[in-house]
Amino acid sequence: MTRPTFAYIDIEALRANALWLKQHCLGSKLMCVVKADAYGHDLKLIAPALSNIADGFAVAHCTEGLELRAINPTAPILVLEGTFDAAELNAAYQHDLTVALTNTWQVRDYLARPLDQRPTVWVKVDTGMHRLGLSETELNALCRDNRLPQDTVLFTHFSDADTDAEKTALQLARLTRLGERHKLMMSAANSPACLMHPNTHLDWVRPGYSLYGGSPLAHIEDNLRPVMSVYTRIHSIRSLPVGECVGYGSTWCAERASKIATLPIGYADGYPRSIKSGTKVWLHNQFAPVVGRVSMDLLTIDVTDIPAAKAGDLVEVWGQHMTLHALANHNELSGYEIMARIPKRLPRSSDWLL
Ligand SMILES: *Cc1c(COP(=O)(O)O)cnc(C)c1O
């Protein structure tokens, strides 16, 4: 490694989270959501580690589904957005991907295929998110004349599972009424619903964020361990007299004689440029504040209160101690977005690289 900066992927924590979720949602099958390169964790590391725990996987697009199929030749793989044209639908069929039917043209493409060449489908119904999904009328039309196989799952997605129990209950009621009418298996629960609303678990749960240890719920967080921890080593340290300022725009100036450590990680590695003052990293078993603006490749921290800090010392930028939850919350950012936007530039590894 040239630059001592990487994201450690803790496979043991991942598996513990998946097993905990499975236990917590006992009686439901576990569909592990691994879209967007497993929420930025690297699908190639995540998928094999879950293969004997997950009952299935979900991805966003067919391309992601094919990538996962190459890693796992047999697991059920659901393509959450469905396919974009007839050729893609055919590829999904050839590679045994389960496709979502989320609108009328996807239904038309599906019904246009010969009966014996139709992929397994999950049918999405719009219960209140108003983004994807068939209306009740469209669903009734699709279900006429038994045009769906017995193993079809009817699913929906919650818009407010973490914040609005009433809306969640309404969406659930709309789903279950249709599922019972058409005698289909059902699925609704994303992470917050898995954790907070046991009545939404149904036949399949679909957690993503919580698998990776990102729980928005403080009381449950103990049970979920961060899977990703981003580490680097101090590149260099300099002493600043009072009045000298750090970084682009000189946004932070020393009010006391200060020791500033420079870290070889920046916003081009997914560390948000928009962080507010008071955001911290973890080194020498304590927190130290980020000071000055985040650069593309570098970050500066104030280690005046850590006299032992020196070049080469290990720093946790976020992870075990400086949780992503804390990083996101303090800065009014989304932990989902931080995870999903980590660029390829930041190496991910399940081996310790430093
Ligand atoms: C992303 C996604 C999930 C997982 O949501 P989390 O909040 O990450 O658990 C579940 N279902 C659908 C349809 C999704 O798009």
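Between domain 1 and domain 2 of the predicted model, two residue pairs are in polar contact, both at pLDDT 80 or more. On the side of domain 1 that touches domain 2, the largest share comes from helix α2 (residues 35-40), which supplies three residues. Sorted by class, this side of domain 1 comprises five nonpolar, two polar and two charged residues. The count of salt bridges between domain 1 and domain 2 is one. Side chains of opposite charge can pair when their charged atoms come close. In the salt bridge formed by K344 with D37, the closest N and O atoms are 3.3 Å apart.

The two domains that meet in this way are assigned to residues 11-212 for domain 1 and residues 228-349 for domain 2. Nine residues from domain 1 and nine residues from domain 2 take part in the contact. A distance of 37 Å separates the C-alpha centres of domain 1 and domain 2. The area buried between domain 1 and domain 2 amounts to about 880 Å², and carbon and sulfur atoms account for 63% of this area. Within domain 1, the residues that lose the most area to domain 2 are G40, H41 and Y209; together, these three give 55% of what the domain 1 side buries.

The surroundings of the ligand were examined next. Around the ligand there are 14 residues, of which K35, Y39, S191, G208 and Y336 come nearest. Oxygen atoms of the ligand are approached by both side-chain and backbone atoms, as the following distances show. For S191, a polar side-chain atom lies 2.5 Å from an oxygen atom of the ligand. For Y336, the corresponding distance from a polar side-chain atom to an oxygen atom of the ligand is 2.6 Å. In the case of G208, a backbone N or O atom is placed 2.8 Å from an oxygen atom of the ligand.

Over the whole structure, the search for salt bridges returned 15. One of the salt bridges is formed by R3 with D269, with the closest N and O atoms 2.8 Å apart. R3 is located in the segment before β1 (6-9), whereas D269 belongs to the loop between β14 (258-263) and β15 (280-283). The pair therefore ties together parts of the structure that are 266 residues apart in sequence.

Key: Residues are numbered from 1 along each chain as its sequence is written. This is a predicted model: local features need pLDDT of at least 70, side-chain atom pairs count only at pLDDT 80 or more; totals for chains, interfaces and linings use all residues. Side-chain values use heavy atoms; hydrogens and water are left out. Domain bounds come from an automatic or database domain assignment. Contact means heavy atoms within 4.5 Å. Buried area is the accessible area (1.4 Å probe) that two parts lose on being put together, summed over both. A salt bridge is a side-chain nitrogen of Lys or Arg within 4 Å of a carboxyl oxygen of Asp or Glu. A polar contact is a pair of N or O atoms within 3.5 Å; within protein, one must be able to donate a hydrogen and the other to accept it, and residues adjacent in sequence count only if both atoms are side-chain atoms. Helices (H or I, at least four residues) and strands (E, at least two) are DSSP runs, numbered from the N terminus. Ala, Val, Leu, Ile, Met, Phe, Trp, Tyr, Cys and Pro count as nonpolar, Asp, Glu, Lys and Arg as charged, and the others, Gly among them, as polar. A residue is near a molecule or strand if one of its heavy atoms lies within 4 Å of it.
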